[in-house]
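Colleague: I would like a close look at a single part of this model. Please take one residue and then work outwards from there.

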Amino acid sequence: QVQLVESGGGLVQAGGSLRLSCAASERTFSTYAKGWFRQAPGKEREFVAAINWNSERTFYGDSVKGRFTISRDNANNTVYLQMNSLKVEDTAVYYCAAAISLGMNYYYSQPSRYNYWGQGTQVTVSS
């Protein structure tokens with residue numbers, strides 16, 4: 001069973017930083033596109049960031065551009081989300097996802113295009 005395991009969530013004050021990690025259980029994941037999504041209570045799942053398999057393309061949701069950075073280490077089957085200048089509205093459960101093949105840039109922001117999902121990690125930003 002393919003698994004994605006997120007870590008690094010927690011409680012942080014507004015203006016602070018956190019780095020999320022997502023480790024994949026299988027080596028083949030190094031060829032998959034990866035994405036981060038988040039979901040706050042009562043809201044729909046929101047696209048945060050995505051990266052193609054060789055890091056040549058990265059994508060960000062409008063609300064996190066300039067503050068968050070996605071990266072990956074294929075040798076260690078891990079994708080990261082560096083979150084800086086955190087805001088209270090960034091509070092959500094953050095999910096890592098992997099897609100076998102996405103193709104068009106537009107697909108990177110679409111949750112339905114991803115094949116595998118992690119269990120999520122809570123990020124809480126206090127004022």
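Is D90 buried or exposed? Please also say what surrounds that residue, and how the place fits into the rest of the chain.

Modeller: A caution comes first: this is a predicted model. D90 is buried, because its relative accessible area is 1% and the cut-off for buried is under 20%. The residue sits in the loop between strand 8 and strand 9. Leaving out residues up to four places away in sequence, D90 touches R38, R67, F68, S85, V123 and V125.

These partners can be placed one by one. S85 belongs to the loop between strand 8 (78-83) and strand 9, and D90 lies in that loop too. F68 falls in strand 7 (68-73). R38 falls within strand 4 (33-39), while V123 and V125 fall within strand 11 (121-126).

S85 deserves a remark of its own. Its phi is near 50 degrees, a positive value in a residue other than glycine. Most residues other than glycine have a negative phi. With a relative accessibility of 41%, S85 counts as partly exposed, whereas D90, which S85 touches, is buried. S55 also has a positive phi, near 70 degrees. That residue is in the loop between strand 5 (46-51) and strand 6 (58-60), and at 37% relative accessibility S55 counts as partly exposed.

Now to the chain around this place. It has 11 strands and zero helices, so the loops named here can be located by the strands on either side, where a strand is a DSSP run of at least two residues. Of the 127 residues, 45% count as buried, and D90 is among the buried ones. The radius of gyration is 13 Å, which agrees with the value near 14 Å for a compact globule of 127 residues. The C-alpha trace spans about 40 × 25 × 25 Å along its principal axes. Among contacts between residues at least 6 apart in sequence, 59% join residues at least 24 apart. The contact between D90 and R38 is one that joins separate parts of the chain, from the loop after strand 8 to strand 4.

D90 is a charged residue, and the charges can be viewed as a set. The chain has 12 positive and 9 negative side chains. The centres of the two sets lie 2 Å apart.

Strand 4 leads on to the aromatic residues. The count comes to nine aromatic pairs. In one of them, the rings of Y32 and Y116 have centres 6.2 Å apart and planes at 5 degrees, so the pair is stacked. Y32 is in the loop between strand 3 (18-24) and strand 4, and Y116 is in strand 10 (residues 116-117), 84 residues apart, so this pair links distant parts of the chain. Y32 counts as buried at 12% relative accessibility, and Y116 counts as partly exposed at 27%. In another pair, the ring centres of F37 and Y114 are 5.2 Å apart and the planes are at 80 degrees, so the pair is edge-to-face. F37 is in strand 4, and Y114 is in the loop between strand 9 (92-99) and strand 10, 77 residues apart. Both F37 and Y114 are buried. F37, F47, Y114 and W117 form one aromatic cluster.

Two glycines can be followed from that cluster. F47, a member of the cluster, is in contact with G61, as is V48, leaving aside neighbours within four places in sequence. G61 lies in the loop between strand 6 and strand 7 and counts as buried at 9% relative accessibility. G61 and V48 are 13 residues apart in sequence, and their C-alpha atoms are 4.9 Å apart. G118 is found in the loop between strand 10 and strand 11. At 12% relative accessibility, G118 counts as buried. Not counting residues up to four places away in sequence, G118 touches L4, E6, Y95 and C96. The C-alpha atoms of G118 and A97 are separated by 6.3 Å, with these positions 21 residues apart along the chain.

To return to the starting point, D90 is a buried residue at 1% relative accessible area, in a loop between two strands.

Notes. Residues numbered from 1 in each chain as written. Heavy atoms only, no water. Helix = DSSP H or I, 4+ residues; strand = E, 2+ residues; numbered from the N terminus. Rg over C-alpha atoms; globule rule 2.2 N^0.38 Å. Buried < 20%, exposed > 50% of the residue type's maximum accessible area, 1.4 Å probe, protein only. Contact = heavy atoms within 4.5 Å. Lys, Arg positive; Asp, Glu negative; His and termini not counted. Charge placed at Lys NZ, Arg CZ, Asp CG, Glu CD. Phe/Tyr/Trp six-rings, centres within 6.5 Å; stacked < 30°, edge-to-face > 60°.
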